[in-house]
Structure formats: C-alpha cells, structure tokens
Amino acid sequence: MTKINQSLLALAIAASTSSVALAESVAITNVQLHTASAQGVLEDATVVFVDGKISAINPAAVSAETIIDGKGKVLTPGFISTMNTVGLVEVGQEKDSRDTGDERAGMTFDPSLAYNPKSTTIAFARKGGLTTSVVSADGGEDIFVGQTFVAKMSGDWDSVISTHGALFVTLGAEHDGSRAVGMQTLSTKLEETQKALSSANKGEAEEDTELDKEAVIFNAVLASEKALVVQVDRASDIMQLLKLKKQYGIDLVLVGAADAVSVAEHIAKADVPVLIDAMRNLPESFDSLHNSLDNAAKLTQAGVKVVLTTGGAHSVYGLRYAAGNAVANGMDYQAALKSVTINAAQVFDIEAGEVAVGKRADLVLWSGDPFEYSTQVEAMWIGGEAQSMQSRLDKLRDRYLTQSDMPRAYSK
C-alpha cells in the first residue's frame, strides 16, 4: 500500500491512467465531500473506487492499493453540462468547423456521427470540472432539431456513452408567420402517432408495414422511453406544452423557459424539469420578459427540478460560475450543486452525478469552493481514470512565455 500526499498527487494521476491501474483500488481520504445526494456534505471523508465505480464511502478501514490525501480540500461529483455543442464546434465563426445543424436536419438527425472527441473544447471544459456532456444540435428549418447524445469528457475515441437520446424541439416566436404552426405541428404529430399505435394494437395496420424512423422516435416519446426536450420561453407556450404532457403522458423537459417563473406552480405540479441559463438577466424578446438572475432560485423554491446549463461549446467551462451566480442571487448552495450534477443525471438517465456506492467514479478534487472564481481543479477522474488538466490554452501560454533566442512563439 502506498501513501500519497498532495505533492505526489501528479504521480498518482499519471499512474492511474494506465489500463492496469484502472483495475486497482483508489482511496481519496481527508476531503470535504459534497455528495449531491441525501448524505449531503461529509467532513474528513474517504471515497474508494475500483474498476471505474465507487465501492465505498467512509469505510471503517481504508484498504486500497493507492491512497491519495486530499488535504481537507473539496471533492464533488463531476459536473454535467446539458444541451451544448461540445465536440461539434471548434471555431464558432468558421463554418467548416461547425457540425451542429443542416437545413435538411429533422427529428432523425443524429449529431453524434459528427462528434470529435479530440476537440480542444473538451480539455478546456474539463478545467471547469465537467466530466459528462449532453450534446444537442441546432437542427435545420423544422421544429424538430434532432436527437441528443451523451459523452464522457475524457476525449477518448470511445467516449460517447449513448446516442439517440431525447428528441429536441424548438418552439416560440416566428419572424415570418405564427408560433401556432409549430405548436400545432407537434400536437398533430403526437395525435397521429397515438392513433397509429391504437390501430396497430387493434390489428388494423398491415402486417407487412414497417414503421419509419420518425414513427419509431415518436412511439418512444409517447411511451416515455424518450424525453421530449422543448426549447421555449413564453408562459402561454409552456402552458400549452403542459396540456400536451397531461394528454399524452410524455416525458417533457423545458429548455430556456424565461417565463417559467410566472407559471412555476403549474410546472412543479406537472413534475417537469427546467433547464435554464442562470446568466440570462435581460429580456431578449417579448417571449423572455421575465429573464432575471434570480429565476433559478425562484423555480427551485417553487419545487421545480432545475438544471443549470450554458449551452454552446466554449461557454460550458463557465457552468460553475453560472451556478455561483445563481447562489449569489438566492439559490440554495446544495440545490445549485445538484442542478449541475444529479438533477442533470436524472433528467438524461446518466449513471453519474452523485457520490454514491455503485455510481460511476466521476470525481473532481478542487482547490476550494468550486463556485468561486479563483478555485481550480486539482485532479479529476472519469470512470475511475485520472484525467489530464492541460488544455490548448495552457500550451499556448507556455509557448508564448517560453524564454528563447528564437522569435516569440518559437521554442527550442
């Protein structure tokens, strides 16, 4: 058994990256553990993991092949970023590096086929404490944007965990035309699919007829096997969606939801989660007149399950800052932590998001409060494997600050 102090932490991380080390047991001791579960915060805690899973919390005796002294620092579950475009965008202003959508895209659009696990945005996101990403697309001209997928932020070629996830829909104001068309399209699709299923169950459908891909997707939505994630802001649109949920029993998730605070009691009663950007503080249109920095707090206090999100590809790094701002504007600290961990995991059926026995060992060791600006990630494990905390920004910094006889930006 090897005792490892903070000065040798880097050595421990390097050792645990090998495939052999993954099978070894690792114990992180002497940490302030934020479990994001019913256990809450545990002082002077120990977490043990082996084969990528958490095997024990505060065992009576610590027995592990590798022991890391956390020196009283903060250990949390890895953060989960939702509805972003990480791995689909490298440079936002460069069209050739954007694979988020296509005018031909519809509900069958699978953006995972374009996912680049070696994107520089992934290593940068890890520096913000992110270990898992729910990736979505921008879609095309249809209200049906496409399907989500889930990826570990390890940057490995096999980092995509699951594909063909939630069905993403966008509704709301139209520059040309009426918002009613989009809502009617969604409602009609649900009605037609339900009728087709009813006919099939009665034996009225032709035996040789195969369901097309869109029908398969909507069948899964009606069976609550696939969530329907709808980007919407105005309260009247939210209320229409709640009616559809009640009518068809669908698994509804709201994204954006600037006006959600004005109908929070209805959303809570319907048990519908809300994904919001806590930094939206000003009206952007007539659909988002209720944007405010304290919306996350108000929704949580009303009993709504809140998931904080920042969207985009490069901005996911700042998810912890968004959570910190939500706390500064009235959100309970532990509620904010859950909004970027276990709440997201539950909404998108991810085996992570809390420090609990049997869960994937996605853990982050912080130098201090993760929601504080000056805090840094000191170590990270995804599925029990230690991760590099170096990003392209670090490499550029080192390159341009290196003292050399060569011209600036060159090094020997």
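A polar contact, as I use the term here, is a pair of N or O atoms within 3.5 Å; inside a protein, one of them must be able to donate a hydrogen and the other to accept it. I keep in mind throughout that this is a predicted model.

**Entry 1: D69**

I started with D69, which sits in strand β5, residues 66-69. Is D69 buried or exposed? I got a relative accessibility of 13%, and buried means under 20%, so D69 counts as buried.

Next I looked up what its side chain touches. The side chain of D69 makes a polar contact with the side chain of N30, at 3.3 Å. The D69 side chain also reaches the backbone nitrogen of K71, at 2.9 Å. On the strand level, D69 is the bridge partner of T29. That residue led me to β2.

**Entry 2: strand β2 and its partners**

Strand β2 covers residues 26-34, and I found it mostly covered, with seven of its nine residues buried. Which strands does β2 pair with? I noted β3, β5 and β6.

- With β3 (residues 41-50), β2 runs antiparallel, and six bridges join the two. L33 stands opposite L42 there.
- With β5, β2 runs parallel, over four bridges.
- With β6 (residues 74-77), the pairing is parallel too, over two bridges. Here L33 stands opposite L75.

So that I don't lose track of L33: its opposite numbers are L42 in β3 and L75 in β6.

I also checked the hairpin of β2 and β3. Six residues lie between the strands, and A36 takes a positive phi near 60 degrees.

**Entry 3: the four-stranded sheet**

Then I traced an open sheet of four strands, in the order β7-β8-β10-β11, with mixed pairing. Its edge strands are β7 (79-84) and β11 (160-162), each pairing on one side only. From one strand to the next, the twist averages 25 degrees.

I zoomed in on one pair. Strand β10 (residues 149-152) runs antiparallel to β11, and two bridges join them. A151 stands opposite V160 in β11.

**Entry 4: the six-stranded sheet**

What is the strand order in the open sheet of six strands? I read it as β9-β12-β13-β14-β15-β16, with mixed pairing. The edges are β9 (144-147) and β16 (306-308), and each pairs on one side only. The twist averages 25 degrees from one strand to the next.

I followed the middle of that order. Strand β12 (residues 167-170) and strand β13 (residues 228-232) run parallel, joined by four bridges; V169 stands opposite V230 in β13. Then β13 pairs with β14, again in the parallel sense, over five bridges. In that pair, L228 stands opposite L252 in β14.

How many residues of β14 are buried? Five of the five, so β14 is largely enclosed by the rest of the structure.

**Entry 5: helix α6**

Something lies across that sheet, so I went to look, and α6 it was: the helix lies across β13 and β14 (252-256), running at about 165 degrees to β14.

I tried a length check on α6, residues 235-248. At 1.5 Å a residue, its 14 residues should span 20 Å, and the end C-alpha atoms are 20 Å apart, which agrees.

Which residues of α6 are buried? My list has A235, D237, I238, L241, L242, L244, K245 and Y248. I jotted down a reminder about helices in general: an α-helix has 3.6 residues a turn, so residues three or four places apart point the same way.

Just after α6 comes G249, with a positive phi near 65 degrees.

**Entry 6: the cores**

Last, I looked up the nonpolar cores. The largest has 90 residues, and L186, L241, L254, I267 and L308 touch the most other members. The largest share of this core, six residues, comes from α6.

L241 was worth its own line, as one of the residues of α6 that I had noted as buried. Leaving out residues up to four places away in sequence, L241 touches L171, M183, L186, V230, V232, L252 and L254.

Apart from that core lies another, of 19 residues, among them V31, I57, V355 and A379. I added one general remark to the page: in soluble globular proteins, nonpolar side chains tend to be buried together.

Key: Residues numbered from 1 in each chain as written. Predicted model: local features only at pLDDT ≥ 70, side-chain atom pairs only at ≥ 80, totals over all residues. Heavy atoms only, no water. Expected span 1.5 Å × (residues − 1). Buried < 20%, exposed > 50% of the residue type's maximum accessible area, 1.4 Å probe, protein only. Pairing = 2+ DSSP bridges. Axes fitted to C-alpha atoms, helices over the stretch in contact; angles between N-to-C directions. Contact = heavy atoms within 4.5 Å. Core = buried A, V, L, I, M, F, W, Y, C linked by side-chain atoms within 4.5 Å.
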